[in-house]
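Trainee: I would like to take a close look at one part of this model, namely its enclosed space, and then to see what surrounds it. Could you take me through it slowly, with the cut-offs for each term?

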Amino acid sequence: MSTSVVNRTAPAKKLIVVTAATGYQGAPIVRYLLANHSEQYNVRAINRDVLKPAARALVELGAEVVAADYDNESSLRAAFSGAHVIFANTNYWDTLSYETEVAQGVLIAKVAAAEASLETFIYSGNSDARKLYGGKFQGNLPYNAKAVTLEKVRSQYPDLARKMSIVILGFYHENWLKYQTVFGPVKQSDGSFRMAMPYSDKGYGIPTVSPKDLGVVVAAIIEGGKKFQGKSIALVSENQTDAERLDIWSKKTGANVEFKQVTNSEYQARLEAAGFPRAIAASTTELTAMVGEGGNYLEAEGILKARDIIDPDYHWITFKEYVEAEDWTSIL
């Protein structure tokens with residue numbers, strides 16, 4: 001009696017490429033995929049500096065870390081080679097240049113469109129500020145850069161656009177510390193804190209989220225295949241007023257803090273005094289005023305809610321949890 005051996009080869013893993021992989025959005029995606037889907041996917045983490053500690057930490061978790069630059073087409077071609085999924089994120093705040101971010105985003109799209117293996121392109125975008133609130137806000141450069149990039153992708157690379165899903169994140173919990181001068185409570189000469197913003201705290205909730213929750217959403221988009229292509233998906237964990245958030249922060253830190261409405265001119269002057277170039281200060285003032293205008297424009301009609309495409313039992317990080325876990329000593 002003879003026996004035979006059947007060689008069952010495991011299906012090849014799909015390659016997920018994550019740009020800006022040590023950043024606020026990229027790192028959570030890499031970590032989540034490696035922790036929860038390592039049997040399905042290989043993860044290639046793209047970063048300018050592969051020797052920085054944050055990049056080396058991703059290697060320890062099992063990622064392939066590759067160097068690439070958004071301004072260097074050949075480096076992007078090598079980094080995207082063989083990709084089945086690409087997550088792309090550009091950051092206005094890295095260069096403070098609308099023109100640079102648009103150019104980088106279009107170059108990423110050009111290279112991604114030429115990759116024959118690509119199945120899904122996930123782009124980190126924003127709402128189109130030019131179309132919100134009756135066109136009141138036209139100079140919001142961080143939002144405009146994303147909107148114009150998407151227009152160029154759709155017109156120049158329509159095949160890629162058909163494979164594209166767009167993720168839109170709410171106002172980061174983490175912005176209070178990362179961009180404290182712009183968005184957070186600022187220490188005064190008497191030791192108290194003031195959150196001086198170019199809008200009133202009218203009771204409107206501001207849609208917020210921690211980018212640490214992005215990984216589970218990106219995984220759902222990948223697993224959904226064509227289901228989410230051509231769609232925008234908004235990540236919002238909660239809507240809270242500044243008064244509510246300041247109360248949480250004050251109780252944690254013990255700081256005496258107040259909210260104060262200032263004019264756009266006063267707010268812009270504060271940013272200029274902190275070293276912002278005038279044009280950047282003006283654009284940032286418009287961005288901040290728009291955030292406080294009221295209304296959850298992120299989850300508008302036609303935009304999918306991230307909470308509806310993932311496990312309903314998934315726990316989103318709350319602002320209170322973020323405040324409790326954060327180290328505030330640098331600003332206290």
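Trainee: How many cavities of 30 Å³ or more does a search of the whole structure find?

Mentor: The model is predicted, so local features need pLDDT of at least 70 and side-chain atom pairs count only at pLDDT 80 or more, whereas totals for chains, interfaces and linings use all residues. Residues are numbered from 1 along each chain as its sequence is written, and side-chain values use heavy atoms, with hydrogens and water left out.

The search of the whole structure finds one cavity of 30 Å³ or more; on a 1 Å grid over the protein atoms alone, a cavity is a set of points where a 1.4 Å probe fits but cannot get out, while a pocket is an open set with protein on both sides within 12 Å along at least five of seven lines, and lining residues have an atom within 4 Å of a point. The volume of the cavity is about 50 Å³, where grid points are joined across faces, edges and corners and a volume is the space filled by probe spheres set on the points. Its lining consists of Tyr199, Ser200, Asp201, Lys202, Gly203, Tyr204, Ile206, Asp242 and Gly292. By class, these are three nonpolar, three polar and three charged residues, with Ala, Val, Leu, Ile, Met, Phe, Trp, Tyr, Cys and Pro counted as nonpolar, Asp, Glu, Lys and Arg as charged, and the others, Gly among them, as polar.

Asp242, one of the lining residues, leads us to helix 11, which covers residues 242-253; helices (H or I, at least four residues) and strands (E, at least two) are DSSP runs, numbered from the N terminus. Within helix 11, Asp247 and Lys251 are four residues apart, about one turn of the helix, and their side chains meet in a salt bridge at 3.1 Å, N to O, the term meaning a side-chain nitrogen of Lys or Arg within 4 Å of a carboxyl oxygen of Asp or Glu. Asp247 counts as partly exposed because its relative accessibility is 37%, and Lys251 counts as exposed because its value is 66%; buried means under 20% relative accessible area, exposed over 50%, and partly exposed in between (1.4 Å probe, protein chains only). Another salt bridge joins the side chains of Lys252 and Glu324 at 3.9 Å, N to O. Since Lys252 lies in helix 11 and Glu324 in helix 14 (residues 319-325), this pair ties together parts that are 72 residues apart in sequence. Lys252 is partly exposed at 35%, and Glu324 is partly exposed at 43%. The structure holds 16 salt bridges, and side chains of opposite charge can pair when their charged atoms come close.

The nonpolar interior comes next, a nonpolar core being a set of buried Ala, Val, Leu, Ile, Met, Phe, Trp, Tyr and Cys residues joined through side-chain atoms within 4.5 Å. The largest core has 72 residues, and those with the most contacts inside it are Leu76, Phe80, Ile86, Phe121, Leu160, Met164 and Trp249. Helix 5 (residues 98-113) gives the most to this core, with seven residues. Contact means heavy atoms within 4.5 Å; leaving aside neighbours within four places in sequence, Met164 is in contact with Phe121, Tyr123, Leu150, Val153, Arg154, Phe228, Gln229, Gly230 and Lys231. A second, separate core of 36 residues includes Val18, Ile29, Leu34 and Ala45.

Finally, the open spaces may be set beside the enclosed one. The largest pocket holds about 980 Å³ of space, and of its 44 lining residues the closest to its centre are Asn89, Thr90, Asn91, Trp93 and Tyr172. Helix 4 (residues 92-95) gives the most to this lining, with four residues, and the classes are 20 nonpolar, 15 polar and nine charged residues. The second largest pocket has a volume of about 360 Å³, and of the 18 residues that line it, Asn126, Ser127, Asp128, Lys131 and Arg154 are the closest to its centre. Helix 6 (141-156) and strand 6 (164-169) each supply at least two lining residues there, with helix 6 giving the most, four residues. By class, this second lining has eight nonpolar, four polar and six charged residues.
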